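Here's a walk through the model, strand by strand and sheet by sheet. Keep the viewer open while you read.

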Amino acid sequence: MSGLLSIQAVSKRFGDDRPAVDDVSLEIGRNEFFALLGPSGCGKTTLLRMIAGLETPSAGRITIDGEDMIGVPANRRPVNLVFQSYAIFPHMNVLQNVEYGLMVVGAPKAERRQRAMETLELVQLADLARRAPGQLSGGQRQRVALARALVKRPKVLLLDEPLSALDAKLRDTMQTELVHLQRRLGFSFVIVTHDQDEALSIATRIAVMRDGRVSQVGTPRELYELPASRFVAEFIGRINLFDARLVATEGGAVVCDADELGRVAVTTPRPAGGVVTLAVRPERLRITAAKPAGDVVKVAGVVGDVTYLGDAVRVALTTPQGRRVLASLPNDGRLGESLPEIGQTRWASWAPADMLVLGD
Ligand SMILES: Nc1ncnc2c1ncn2[C@@H]1O[C@H](COP(=O)(O)OP(=O)(O)OP(=O)(O)O)[C@@H](O)[C@H]1O
Ligand SMILES: [Mg+2]
């Protein structure tokens, strides 16, 4: 992957508090749809603002296409930022809003008009070019904000929770549109979100942030299948966690003594420390009425919730010790006619190979 945006050991300190961004290094390639994901206050916006030139790093270096960005003012950087709460000018029509981005950089009028119309076509708003923002839907307004950022043809488009103000259905549509737009334009998008489903479904790679630091970087699949820590495992998708202690190493496997599961041998890379977490994704579980035989990990519980989702059925068991175990069963006919019912006692079981051993 050829590096386009390079973030090298960047930190940002506001006053004496612990740093908002703490020694972050990331390489983002051309043509990537990169997502920054993490809980509120973990430093996502601050990092974007430093890339955009709206905030100065306390330490570290940022380069775009090999060019050092330190000292380059925001309006001279080959990047554009679409804000968390999109600001479009209410007194200008759609076309004028989009042209405005080019006015600031001094493009001639004829060129402004042509490029603005091209960009509006890209976001499917050409028909509404003369509308006032007040006559647009939320999704249309968001597309105006996008068009205004795109019209300058930045090398990197930064999007700070661009879809958070939209309702679920519109957000879905806009996610797909963003992905198509990114593929068609071929430049890099960096999107900030605290919605893990959004990150998983649209990003080529994701950085999970925690307390100003990057916890893990990987493709959606890598983060989901091989989370490096309990934090990442819990943040990306649903997961069942069991506290455990390492008791032995046998061949390639580690043997753990886990709460409610007993002795379990697992063959995944072993994290440091003796106290670990065993983890298994809900879709790896089977639910049976009879106690399963053979080499499986199993736990019994009372069915507390059954959620019918159409393509899957989610079943939550509560164990005698009060732990909630979540199973996601594909609706592929395997369920037969009878779904588990609330109040029944059922066994959840899975293959030892489906377990992960996680450190903190
Ligand atoms: N201008 C500022 N002055 C002082 N502290 C700030 C400033 N901007 C951000 N911070 C602090 O830096 C930390 C990171 O903030 P940031 O806005 O980057 O978080 P975020 O990950 O974008 O969160 P959210 O998901 O809520 O938008 C927070 O603790 C915040 O209070
Ligand atoms: Mg933010």
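## The β1–β4 pairing and its sheet

Let's start with β1, which covers residues 3-12, and β4, which covers residues 59-64: they pair in the antiparallel sense over 5 bridges. To find your place in this predicted model, look for I7, which sits opposite I62 in β4.

Zoom out and you get an open sheet of 4 strands, with antiparallel pairing and the order β2-β1-β4-β5. The edges belong to β2 (21-29) and β5 (67-68), each with a single partner strand, so one side of each has no neighbour in the sheet.

## Helix α1 across the sheet

Helix α1 is made of residues 44-52 and lies across β1, β2 and β4. Relative to β1, the helix runs at about 120°.

How many residues of α1 are buried? The count is 9 of the 9, so the helix is largely enclosed by the rest of the structure. That list includes K44 and R49 along with L47, L48 and I51. Just after α1 comes G53, with a positive phi of about 90°.

## Around ligand 1

Which residues surround ligand 1? The shell takes in F14, A20, G38, S40, G41, C42, G43, K44, T45, T46 and H194. K44, T45 and T46 turn up here, and these three are also among the buried residues of α1.

Sorted by class, the shell has 3 nonpolar, 7 polar and 1 charged residues.

## Strand β6 and its parallel partner

Strand β6 (residues 79-82) runs parallel to β7 (residues 156-160), and 4 bridges join them. L81 is a handy marker for this pairing, since it stands opposite L158 in β7.

In a regular strand, side chains alternate between the two faces of the sheet. In β6, V79 and L81 point one way, while N80 and V82 point the other way. Buried or exposed, these four residues of β6? All are buried, N80 included.

## The five-stranded sheet

Now for another open sheet, this one of 5 strands in the order β13-β12-β11-β14-β20, again with antiparallel pairing. At its edges stand β13 (262-266) and β20 (356-358), and each has a single partner strand, so one side of each is left without a neighbour in the sheet. From one strand to the next, the twist averages 40°.

Going through the pairs, β11 (residues 240-250) and β12 (residues 253-258) run antiparallel, joined by 6 bridges. Here E250 has A253 of β12 as its bridge partner. Strand β11 is also joined to β14 by 6 bridges, antiparallel once more, with A244 opposite V276. Then β14 pairs with β20 over 3 bridges, in the antiparallel sense, and A279 stands opposite L356. As for burial, 5 of the 6 residues of β14 (residues 275-280) are buried, so this strand is largely enclosed by the rest of the structure.

## Two residues to click on

D243 is in strand β11. It counts as partly exposed because 15 C-beta neighbours lie inside 10 Å, short of the 20 needed for buried. Setting aside neighbours within four places in sequence, D243 is in contact with D259 and T277. Its C-alpha atom is 8.9 Å from that of A279, with the two positions 36 residues apart along the chain.

Q114, in helix α3 (residues 109-122), is a different kind of spot to look at. Why does Q114 count as exposed? Its C-beta atom has 11 others within 10 Å, and 12 or fewer makes a residue exposed. The C-alpha atoms of Q114 and V357 are separated by 56 Å, and these residues are 243 apart along the chain.

## The whole chain

The protein chain has 8 helices and 20 strands. It is divided into domain 1 (3-230) and domain 2 (238-358), and 39 Å separate the two centres, taken over C-alpha atoms. Along the principal axes, the C-alpha atoms fill a box of roughly 75 × 50 × 35 Å.

Of the 360 residues in the protein chain, 38% count as buried. Take the contacts between residues at least 6 apart in sequence: 64% of them join residues at least 24 apart.

Technical notes: Residues numbered from 1 in each chain as written. Chains lettered and ligands numbered in written order. Predicted model: local features only at pLDDT ≥ 70, side-chain atom pairs only at ≥ 80, totals over all residues. Pairing = 2+ DSSP bridges. Helix = DSSP H or I, 4+ residues; strand = E, 2+ residues; numbered from the N terminus. Contact = placed C-beta atoms within 7 Å. Axes fitted to C-alpha atoms, helices over the stretch in contact; angles between N-to-C directions. Near = placed C-beta within 6 Å. Nonpolar A, V, L, I, M, F, W, Y, C, P; charged D, E, K, R; others polar. Domains from an automatic or database assignment.
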